[in-house]
2 protein chains.
Amino acid sequence: MEPHEPDLTDVPVTTVLAALADDVRLQIVRALVENGEAACGSFDFGVSKATRSHHLKVLREAGLTRTRAAGTSRLVRLRRDELDRLYPGLLDAVLSTRTSA
Amino acid sequence: MEPHEPDLTDVPVTTVLAALADDVRLQIVRALVENGEAACGSFDFGVSKATRSHHLKVLREAGLTRTRAAGTSRLVRLRRDELDRLYPGLLDAVLSTRTSA
DNA sequence: GGCGTTGTTCGAGAGTTGTCGAACAAGGGT
DNA sequence: ACCCTTGTTCGACAACTCTCGAACAACGCC
């Protein structure tokens with residue numbers, strides 16, 4: 001099946017914001033910023049793999065990530081360039097949050 | 001009752017993002033940016049006044065707006081200075097969205 | 001081929017959210 | 001005092017979301 005990775009300009013801003021408005025997904029995004037491309041399995045934040053897969057789908061369909069197959073794994077990376085071009089400052093603002101709060 | 005307007009630093013970033021991740025609330029924020037302080041009743045975006053009151057409550061409890069009584073009306077204003085200080089670029093990025101998409 | 005690893009998909013359940021009408025509260029004007 | 005305007009609050013209902021285990025698919029390896 002097609003990964004269904006929409007052009008970011010086709011995604012309503014509310015969808016982008018909603019995708020970022022979740023703790024697990026925010027941890028995924030943070031990990032992607034720090035480590036770059038990573039396999040789905042590396043995002044073990046206390047949720048099952050079904051839930052993890054769901055969150056990655058939400059991020060992907062919001063236009064925030066790209067996924068490519070690599071053997072039995074799937075590598076995910078942040079579409080940071082496009083994100084920064086369309087919403088300059090958004091990602092930095094979101095990521096500026098300290099661990100708590 | 002107390003307006004319950006938390007300090008923005010006490011609000012999780014996911015709550016702030018969730019507050020902005022709604023079309024009606026985004027229209028309210030846009031109107032506040034353009035017109036400054038405004039009465040609740042001025043935000044007629046095709047929803048009932050009960051719904052409007054609900055959305056204003058979400059924005060207020062996310063630390064995004066302040067409300068003060070003025071006669072029978074209540075005037076709402078955006079806490080833009082605090083928002084820009086804590087999340088620089090966030091509001092501009094969100095508001096940069098054109099009408100569609 | 002068979003097995004293990006890695007992810008996705010499919011219900012299903014609990015919880016949250018957006019919406020409304022109706023009832024209520026507070027103020028101002030006449 | 002009465003009424004009208006302005007908002008809030010209270011159920012209620014539909015829709016969506018997060019979560020999980022179980023079943024399935026795809027790939028590499030022995």
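These legends accompany close-up views of a predicted model in which chains A and B meet DNA strands C and D.

**View 1. Protein residues around DNA strand D.** In this predicted model, DNA strand D is surrounded by 21 residues, and the closest of them are A:Ser48, A:Thr51 and A:His55 from chain A, together with B:Lys49 and B:Ser53 from chain B. Where the strand comes within 4 Å of the protein, 66% of its atoms belong to sugar or phosphate, while the rest belong to bases. Sorted by class, the surface near DNA strand D is made up of 6 nonpolar, 11 polar and 4 charged residues.

**View 2. Helices and a strand of the protein beside DNA strand D.** At least two residues of the surface near DNA strand D are supplied by each of three elements, namely α3 (49-61) of chain A, α3 (49-61) of chain B and β3 (73-78) of chain B. The largest share of this surface comes from α3(A), which contributes 4 residues.

**View 3. Polar contacts to the backbone of DNA strand D.** A polar side-chain atom of A:Thr51, a residue that is also among the closest to this strand, lies 2.7 Å from a phosphate oxygen of DNA strand D. From chain B, a backbone N or O atom of B:Cys40 lies 3.3 Å from a phosphate oxygen of the strand, whereas B:Thr72 places a polar side-chain atom 3.1 Å from a sugar or linking oxygen.

**View 4. Protein residues around DNA strand C.** DNA strand C is surrounded by 21 residues, with A:Lys49, A:Ser53, B:Ser48, B:Thr51 and B:His55 as the closest. Of the atoms of this strand within 4 Å of the protein, 70% are part of sugar or phosphate, and the rest are part of bases. The surface near DNA strand C holds 6 nonpolar, 11 polar and 4 charged residues.

**View 5. Helices and a strand of the protein beside DNA strand C.** Here α3 and β3 (73-78) of chain A, along with α3 of chain B, each supply at least two residues of the surface near DNA strand C. It is α3(B) that gives the most to this surface, with 4 residues.

**View 6. Side chains of chain B at phosphate oxygens of DNA strand C.** An N or O atom in the side chain of B:His55 is 2.4 Å from a phosphate oxygen of DNA strand C, and a polar side-chain atom of B:Thr51 lies 2.8 Å from a phosphate oxygen of this strand. For B:Arg25, the distance from a side-chain N or O atom to a phosphate oxygen of DNA strand C is 3.0 Å.

Note on methods:
Residues are numbered from 1 along each chain as its sequence is written. Chains are lettered from A and ligands numbered from 1 in the order in which they are written. This is a predicted model: local features need pLDDT of at least 70, side-chain atom pairs count only at pLDDT 80 or more; totals for chains, interfaces and linings use all residues. Side-chain values use heavy atoms; hydrogens and water are left out. A residue is near a molecule or strand if one of its heavy atoms lies within 4 Å of it. A polar contact is a pair of N or O atoms within 3.5 Å; within protein, one must be able to donate a hydrogen and the other to accept it, and residues adjacent in sequence count only if both atoms are side-chain atoms. Ala, Val, Leu, Ile, Met, Phe, Trp, Tyr, Cys and Pro count as nonpolar, Asp, Glu, Lys and Arg as charged, and the others, Gly among them, as polar.
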